[in-house]
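Subject: Structure handover and notes

Dear colleague,

I am passing on the structure we spoke about, and below it you will find my notes on what came out of going through it. Please read them with the model open beside you.

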Amino acid sequence: MAYKIPLFDLNFGEEEIQAVADTINSNWISTGPKCEELEQQFVDKFYVKHAVSMSNCTDALHLACILCGIKEGDEVICPSLTFAASANCIRYVGAHPVFADISSFEDINIDPKDIEKKITPKTKAIIVVHMAGFPANMDEIMAIANKYNLRVIEDACHGPLSEYKGKKLGTIGDVGCFSFFSNKNISTGEGGMLITNNDDYAKKARLLRSHGMTTMSYQRAGGHATSYDIVELGYNYRMDDIRASIGLVQMKKLPKNLQQRLHVRKWYNEKLQRVKGVILPFAQNEEFVSNYIMPIVLKDSNVEKRDRVREKLHAAGIQTSVHYPAIHKFSIYKQYGAILPTTDYVTDNEITLPMYAALTEDEIDFIVETLDTAVNE
Ligand SMILES: *Cc1c(COP(=O)(O)O)cnc(C)c1O
């Protein structure tokens, strides 16, 4: 069934179509000048030294783990209330994810106190996810990282241009990773970006994303190089110019899109305050944020009640989701035996409401009224 109000609305139009056509007509469609241009956009807009375009964020996270020197048998602390890729990347390099709980029902980001409790002599790094684009407590996390000499990888998929105390998310830790999957703030279908201020990391990321080759096809086609060496065991994690050209249009649209999302969030906030039985995470946030998604948490609830409420929204034509099914409960992660009471409650009682720039005040009113009835009848 087509929803009256979908969870997300793809912000694509004629400009994206034209950009793809132009790239195809240019006769260069794989990694090339458009990827470079998109990387430069990230360098300029995020005030970061290096940006390396990638085929998706999962690849960026994998390379981030390699760059940070995470190896077999190491431990990496990460949240469980996130997408599986935030933990899978730890396994790719043979390390063990150690799940930390979230702070509270109001702050559903990783809890710095629980991070510190879970540090052992084997801990090598922390992966931080900025849920819905709201910044995790980076001051405390960086202080812990400095104290124990740990690397910090920011999975900033939800937060392009989101800020923490004047800094862009993804630029505070050692490496920041972004996704351009179709439902993210910037969409290219599939795509990603790795950003860092570390020169060596950037150089190595460029090598590893392209088989560890010393030159790329585009350089050879331009006559700048004729041969290459393989100096690292690399991968093919490259983005292509077709996607990058879509990304460039999306980057141009992003500031206005984020402004509209701010209004959507504000309207939701005002209306939701009158709804009993609903917690609005990050209600106190005053930073500029991307508002990637609109999570709420039901009070004094359980998974059956949450699913009933979602079913009623569904019946009214409102699409919802859950962010996220907690990773530590998945079959391949149960063995780690994580005990995360706050994550357990939120994963069972969270509902993600529709969030996109074109969502109208009337539609939000309808969503909140339907929610109120479903929660409180
Ligand atoms: C989307 C997402 C990813 C994965 O990104 P891909 O580009 O699809 O690989 C990883 N982490 C988080 C938090 C995400 O939301």
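Which residues form one aromatic cluster? Before the answer, please keep in mind that this is a predicted model. The cluster is made up of Phe 42, Phe 46, Phe 178 and Phe 180.

Aromatic pairs

Across the whole structure, the search finds 10 aromatic pairs. One of them is formed by Phe 42 and Phe 180, whose rings are 5.8 Å apart centre to centre with 50° between the planes, which is a tilted arrangement. Because Phe 42 belongs to helix α2 (residues 33-46) and Phe 180 to the loop between β8 (175-179) and β9 (192-196), this pair ties together parts that are 138 residues apart in sequence. Both Phe 42 and Phe 180 are buried.

A second pair to look at is that of Phe 105 and Tyr 345, which counts as stacked because the ring centres are 4.5 Å apart and the planes meet at 25°, and the cut-off for stacking is under 30 degrees. This pair, too, links distant parts of the chain, since Phe 105 is in the loop between β3 (96-100) and α5 (112-117) while Tyr 345 is in helix α11 (residues 341-349), 240 residues apart. As for their surroundings, Phe 105 has 28% relative accessibility and counts as partly exposed, whereas Tyr 345, at 18%, counts as buried.

The ligand

There are 16 residues around the ligand, and those that come nearest are Cys 57, Thr 58, Asp 155, Ser 179 and Lys 184. For Cys 57, a polar backbone atom is 2.8 Å from an oxygen atom of the ligand, while for Thr 58 a polar side-chain atom lies 2.5 Å from a ligand oxygen atom. With Asp 155 the partner on the ligand is a nitrogen atom, which lies 2.7 Å from a polar side-chain atom of that residue. The ligand taken alone exposes 380 Å², of which the protein buries 93%. The ligand sits in the second largest pocket, and the elements that contribute two or more residues to the shell around the ligand are α3 (57-67) and α4 (85-92).

Backbone geometry

Most residues other than glycine have a negative phi, and most peptide bonds are trans. Against that background, the peptide bond from His 323 to Tyr 324 is cis, with omega near 10°, and Tyr 324 is placed in the loop between α10 and α11. Lys 165, in the loop between β6 (163-164) and β7 (167-168), has a positive phi near 50°, and at 56% relative accessibility this lysine counts as exposed. His 211 likewise has a positive phi, of about 65°; this histidine is in the loop between α7 (199-208) and α8 (217-221) and, at 32% relative accessibility, counts as partly exposed.

Two further loop positions

Ala 326 lies in the loop between α10 (303-315) and α11 and is buried, with a relative accessible area of 4%. From Ala 326 to Met 216 the C-alpha to C-alpha distance is 40 Å, with their positions 110 residues apart in sequence. Thr 360, in the loop between β12 (350-353) and α12 (361-376), counts as partly exposed at 35% relative accessibility. Thr 360 and Trp 267 are 93 residues apart in sequence, and their C-alpha atoms are 9.4 Å apart in space.

With best wishes

Key
Residues are numbered from 1 along each chain as its sequence is written. This is a predicted model: local features need pLDDT of at least 70, side-chain atom pairs count only at pLDDT 80 or more; totals for chains, interfaces and linings use all residues. Side-chain values use heavy atoms; hydrogens and water are left out. Rings of Phe, Tyr and Trp (its six-membered ring) pair if their centres lie within 6.5 Å; planes under 30 degrees apart count as stacked, over 60 as edge-to-face and the rest as tilted. Helices (H or I, at least four residues) and strands (E, at least two) are DSSP runs, numbered from the N terminus. Buried means under 20% relative accessible area, exposed over 50%, partly exposed in between (1.4 Å probe, protein chains only). A residue is near a molecule or strand if one of its heavy atoms lies within 4 Å of it. A polar contact is a pair of N or O atoms within 3.5 Å; within protein, one must be able to donate a hydrogen and the other to accept it, and residues adjacent in sequence count only if both atoms are side-chain atoms. Accessible areas come from the Shrake-Rupley method with a 1.4 Å probe; for residues, only the protein chains shown count as cover. On a 1 Å grid over the protein atoms alone, a cavity is a set of points where a 1.4 Å probe fits but cannot get out, and a pocket is an open set with protein on both sides within 12 Å along at least five of seven lines; lining residues have an atom within 4 Å of a point. A molecule sits in a cavity or pocket if more than half of its atoms lie within 2 Å of its grid points.
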